[in-house]
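Colleague: Got a minute to walk me through this one? I'd like the overall picture and then the packing details.

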Amino acid sequence: MFARGLKRKCVGHEEDVEGALAGLKTVSSYSLQRQSLLDMSLVKLQLCHMLVEPNLCRSVLIANTVRQIQEEMTQDGTWRAVAPQAAGRAPLDRLVSTEILCRAAWEQEGAHPAPGLGNGHTQGPVSDLCPVTSAQAPRHPQSSVWEMDGPRENRGSFHKSLDQIFETLETKNPSCMEELFSDVDSPYYDLDTVLTGMMAAARPGPCEGLAGLAAATPGPSSSCKSDLGELDHVVEILVET
Amino acid sequence: MQNSNNTDIISTVEFNHTGELLATGDKGGRVVIFQREQESKNQVHRRGEYNVYSTFQSHEPEFDYLKSLEIEEKINKIRWLPQQNAAYFLLSTNDKTVKLWKVSERDKRPEGYNLKDEEGRLRDPATITTLRVPVLRPMDLMVEATPRRVFANAHTYHINSISVNSDYETYMSADDLRINLWNFEITNQSFNIVDIKPANMEELTEVITAAEFHPHHCNTFVYSSSKGTIRLCDMRASALCDRHTKFFEEPEDPSNRSFFSEIISSISDVKFSHSGRYIMTRDYLTVKVWDLNMENRPIETYQVHDYLRSKLCSLYENDCIFDKFECVWNGSDSVIMTGSYNNFFRMFDRNTKRDVTLEASRENSKPRAILKPRKVCVGGKRRKDEISVDSLDFSKKILHTAWHPSENIIAVAATNNLYIFQDKVN
């Protein structure tokens, strides 16, 4: 419903812009799918927190992917500002929020090794722990990120960024997802094609039947969300130009 | 043997230096050792088969009370020590603790003590008037495994590799951020030789993924990273080998760049050739062979399953993109082997440049049957014997394989099943 209304709006505004429709759809589909990838990555990082012993290599790779997306979105200017009062601040804040998110994953593992190790390391027990993760060991790994008593200013920006993250990860009806993408030429699974920079000239190839692939592995995929509010904002910008 | 038990999933496979023994470790912390039958002169056509020799529980699940986290008992790696006497020694490790196990045979038992009575109680010395020397009598063969050393509390992060040094006195253990050097005799101390942990963990962008000693030079080792680089270090240069002697990295292909480029470049395994002249690395889609004398690019690159390149987003979604495949050399360094999905594994002949895809599955291979080469159809028309990319079963992954040190015998771990394949006897 929302998606269709959106498209009509696009068409209405671009009657006099030649070829812009195709370009718009390509660009917005790339942005959509890039956003999906970002959301998926953030969910994966959060799941890292929930797991008993997060795999550090996986966390680092996902965090690096998130950073890449953020950097590109910052360059594009599509990185949304945090809040009205923070509109003037550099997008670096959003980068910081993800840093905190990522950091917490391996800070839990960053506790000092057992004393009497004799491995040639001279590390004070406190120096390894960052200010956000308090001196006490977390009681419950999954809740530690959200319940830490950090310094005031950290906490403020932390909560702000959490809000955004929760916003972008707000649960949407799966059928709504279908509708969202139904008007986009390239099916969801062509995210790969688009993101690898191989923009199809005319029409992207049909879905390769990866339904089998996705169906075999339920899990975080169902929680891959897109922020409709952000999409609206992005399209607004594109339309206005 | 139908077994859906999670703890039976094989997590490591390794032949010993003669190929007489084959060890497997599983998710449940167990080690199973197979021994090759002596080839009998009577049955010339019956090549030595591998039978179970010893089974023992190497690691148990533990609980880290400080972090409220469980420590898995899964065996990440097994490495054999060269045999120096009648007993066999191997190192096995889980995420946190390395153990040295001694596997020895007992086929005789002393009998005839007269210092103890039949129930084993010591007899009153006053009642003993003669001294009888016990005699060794044969008994049924018993293979026992005993833990001889436990190397614990040296790793904050998860151990991904262990490697025995060619001096046979030391070995190294590597986790995500550090590498430690141990002496076999000393368990309460290890030397840290590599530390890539940043002062500020926020700056962490790269981890250690695998490490190995040079097969002949006891001062040289390599370690690979999640950014697709390999560093060769010389322990003579300094105590802490944070500065590499050589740095191997292939320049990125800009036309292939995507958000997944870094993830698929992450090296999951690194292995020296038996000659010590080359190293082989495995990343998500390829196997590469590097000449130690050329750092700027590999000398050979083999595509394992390039048809997955267009599916990377889906593979990222279902986490398959993080699967860590291993790779192995054959005894003469002429063929390399690695696993893939759908229980497929691939072999590449470095000389002829030919490659083959084989499948390790019960349905498709009866004992003594010849394996049929498999082919994945990428697009368009699918031939009768081919399988299409979308039909591949990504839950059936072959991560661990091993090659006999001198013969064409391979061991392939497919989830909780072990397959052993041999050259056809003419």
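What follows is a chat about the chain B fold, the cores, the rings, the cysteines and a few backbone spots.

Modeller: Sure, but keep in mind that this is a predicted model, where local features need pLDDT of at least 70, side-chain atom pairs count only at pLDDT 80 or more, and totals for chains, interfaces and linings use all residues. Residues are numbered from 1 along each chain as its sequence is written, chains are lettered from A and ligands numbered from 1 in the order in which they are written, and side-chain values use heavy atoms, with hydrogens and water left out.

Colleague: Fine. What does the secondary structure of chain B come to?

Modeller: Chain B has two helices and 31 strands. Those are DSSP runs numbered from the N terminus, H or I of at least four residues for helices and E of at least two for strands.

Colleague: And what is the radius of gyration of chain B?

Modeller: It's 24 Å for chain B, which agrees with the value near 22 Å for a compact globule of 426 residues. The radius is taken over C-alpha atoms, and the globule rule is 2.2 Å times the number of residues to the power 0.38. Along the principal axes, the C-alpha atoms of chain B fill a box of roughly 90 × 55 × 40 Å.

Colleague: How much of chain B counts as buried?

Modeller: 53% of its 426 residues. Buried is under 20% relative accessible area, exposed is over 50% and partly exposed is in between, with a 1.4 Å probe and protein chains only.

Colleague: OK, cores. How many residues has the largest nonpolar core?

Modeller: The largest one has 44 residues, and those with the most contacts inside it are B:Y284, B:L308, B:L315, B:Y316, B:I321 and B:L392. By a nonpolar core I mean buried Ala, Val, Leu, Ile, Met, Phe, Trp, Tyr and Cys residues joined through side-chain atoms within 4.5 Å.

Colleague: Which helices supply at least two residues each?

Modeller: Helix 2 (20–50) and helix 3 (56–76) of chain A do, together with helix 1 (261–265) and helix 2 (312–317) of chain B. Helix 3 of chain A gives the most, with eight residues.

Colleague: What is B:Y284 in contact with?

Modeller: Leaving aside neighbours within four places in sequence, B:Y284 is in contact with residues including B:I264, B:H305, B:L308, B:C320, B:F325 and B:Y341. Contact here is heavy atoms within 4.5 Å. Apart from the 44-residue core lies another core, of 15 residues, among them B:I398, B:W403, B:V412 and B:A414.

Colleague: Switching to cysteines: how many disulfides does a search of the whole structure find?

Modeller: Zero over all chains, with a disulfide taken as a pair of cysteine sulfur atoms within 2.5 Å. For B:C320, the nearest cysteine sulfur is that of B:C313, 13 Å away. For B:C327, the nearest is that of A:C57, 15 Å away.

Colleague: Is B:C327 buried or exposed?

Modeller: B:C327 is buried, with a relative accessible area of 0%. B:C320 is buried too, at 4%.

Colleague: Now rings. How many aromatic pairs are there over all chains?

Modeller: The search finds 19. Rings of Phe, Tyr and Trp (its six-membered ring) pair if their centres lie within 6.5 Å; planes under 30 degrees apart are stacked, over 60 edge-to-face and the rest tilted. B:Y316 and B:F322 form a tilted pair, 5.9 Å centre to centre with 50° between the planes. The pair of B:Y419 and B:F421 is stacked, because the centres are 6.0 Å apart and the planes are at 15°.

Colleague: What lies over the face of B:Y316?

Modeller: A:K44 does, at 5.3 Å from the ring centre. The rule is NZ of Lys or CZ of Arg within 6 Å of the ring centre and within 35 degrees of the ring normal. In chain B, the charged end of B:R350 sits over the ring of B:Y278, 4.8 Å from its centre.

Colleague: Last topic, backbone. What is phi of B:Y168?

Modeller: Phi of B:Y168 is near 60°, a positive value in a residue other than glycine. B:Y168 is in the loop between strand 11 (161–164) and strand 12 (170–174) of chain B, and is partly exposed at 40% relative accessible area.

Colleague: And where is B:T415?

Modeller: B:T415 is in the loop between strand 30 (409–414) and strand 31 (417–422) of chain B. Phi of B:T415 is near 55°, also positive.
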